[in-house]
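Got the viewer open? Load up the model and follow along, selecting each stop as we go.

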Amino acid sequence: MKLQLKNIALAMVAAIAITSCSDDDNNNQISGEGNLKLEFDNVYGDANFAFNTPYTNSNGETIKAEKAIYIVSNIVLTKTDGSIYTVPKSQSYFFVNEADATSTLLNLPNIPAGNYTKVTFGIGVDQAQFNAGADGQGTMWTDAQALGMTWSWAAGYKFIKFEGTYTSSTTTTDTQFKVHTGKTGDVYNYAEVTLDFPENALVRTNITPQVHIMTDLKKIIDGTTKINFDESASVMGGTKVQNISANNVPTMFEVHHVHND
């Protein structure tokens, strides 16, 4: 019996080794470059997201959003063998704007062909990019200004803009709210997200995978950190923004599925 169990264990180890080698061989034998697309699909809790639609938060406040924009940056892809591909920084800043359907589908060109298992990206502008100064921003600064995604140069970019109106048990008429995340003092509030793919994204010269990412906008204001607009309808700095960035933003995203077409 012990010998039989030992043989089974050895067979399992061999199978794992063969699978691992197969993954490595597959990545090594695939050549060329292809494209990969990241699709950001905004939802609100369990509901599809739409502007001017009422959603009730856990604190009883009902919000209707009018603007929803966030910066996706510094995209890194991981293969089955653990190797990574970092999208060049100059090609790795995107403004995902719910009001512009074309902005929600990010096309990443010149990706080395391979089988990819996860993606890492930032929400916001990292300190190194900001420290590159105005000359190091390319068109990003002017693009951000056109979307209202900047403060002064010293204060930098707005990483997330979420605006609309709310009502509550004490505020019964629609009242404007604004949530803007970004650099607060010396704290950059840059958040990083890593998502595993439910199935491999197969980048080939003739296959462009599309990774469908669900973004739960509710978690901006109703996640681990909960925002009560009756306390303040403008959330643009201080510990509230720091807590949103640290606690809520990293949990907003989930890969729903991968298309390998």
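Start by selecting strand 12 and strand 14 (residues 253–260), which pair in the antiparallel sense over seven bridges. Strands here are DSSP runs of E with at least two residues, helices are runs of H or I with at least four residues, and both are numbered from the N terminus. Two strands count as paired if DSSP finds at least two bridges between them. Zoom in on Gln210 and you'll find it opposite His259 in strand 14.

Before moving on, know what you're looking at: this is a predicted model, where local features need pLDDT of at least 70, side-chain atom pairs count only at pLDDT 80 or more, and totals for chains, interfaces and linings use all residues. Residues are numbered from 1 along each chain as its sequence is written, and side-chain values use heavy atoms, with hydrogens and water left out.

Now add strand 1 (residues 33–44), which pairs with strand 12 in the parallel sense over seven bridges. Click Glu39: its bridge partner in strand 12 is His212. Is strand 12 enclosed or open? Six of its eight residues (209–216) are buried, so strand 12 is largely enclosed by the rest of the structure. Buried means under 20% relative accessible area, exposed means over 50%, and partly exposed is in between (1.4 Å probe, protein chains only).

Next stop: helix 5, residues 238–248, where Val241, Ile244, Ser245 and Asn248 are buried. Why do these four sit on the same side of helix 5? Because they cover an arc of only 115 degrees around the axis, taking the directions from the helix axis to the C-beta atoms. An α-helix has 3.6 residues a turn, so residues three or four places apart point the same way. Spin to the face turned away from the buried side, and there are the exposed residues Thr239 and Ala246. The buried residues of helix 5 pack against strand 10 (175–182), strand 11 (191–203), helix 4 (218–221) and strand 13 (234–235), with contact meaning heavy atoms within 4.5 Å.

Two single residues come next. Select Asn57, in the loop between strand 3 (55–56) and strand 4 (62–79). Asn57 has 6% relative accessibility, so it counts as buried. Leaving out residues up to four places away in sequence, Asn57 touches Tyr44, Ile63, Lys218, Ile221 and Asp222. Then pick Lys79, in strand 4, which counts as buried at 14% relative accessibility. Lys79 and Leu202 are 123 residues apart in sequence, yet 9.7 Å apart in space, C-alpha to C-alpha.

Finally, go looking for empty space. On a 1 Å grid over the protein atoms alone, a cavity is a set of points where a 1.4 Å probe fits but cannot get out; a pocket is an open set with protein on both sides within 12 Å along at least five of seven lines; lining residues have an atom within 4 Å of a point. Points are joined across faces, edges and corners, and a volume is the space filled by probe spheres set on them.

The largest pocket holds about 170 Å³. Residues lining this pocket include Lys89, Tyr93, Phe95, Met140 and Asp143. Strand 6 (93–97) and helix 3 (140–146) each give at least two residues to that lining.

How many cavities of 30 Å³ or more are there? Two. The largest cavity, about 40 Å³, has Val125, Phe130 and Tyr188 among its lining residues. The second largest has about 30 Å³ of space, and its lining includes Phe159 and Ser245.
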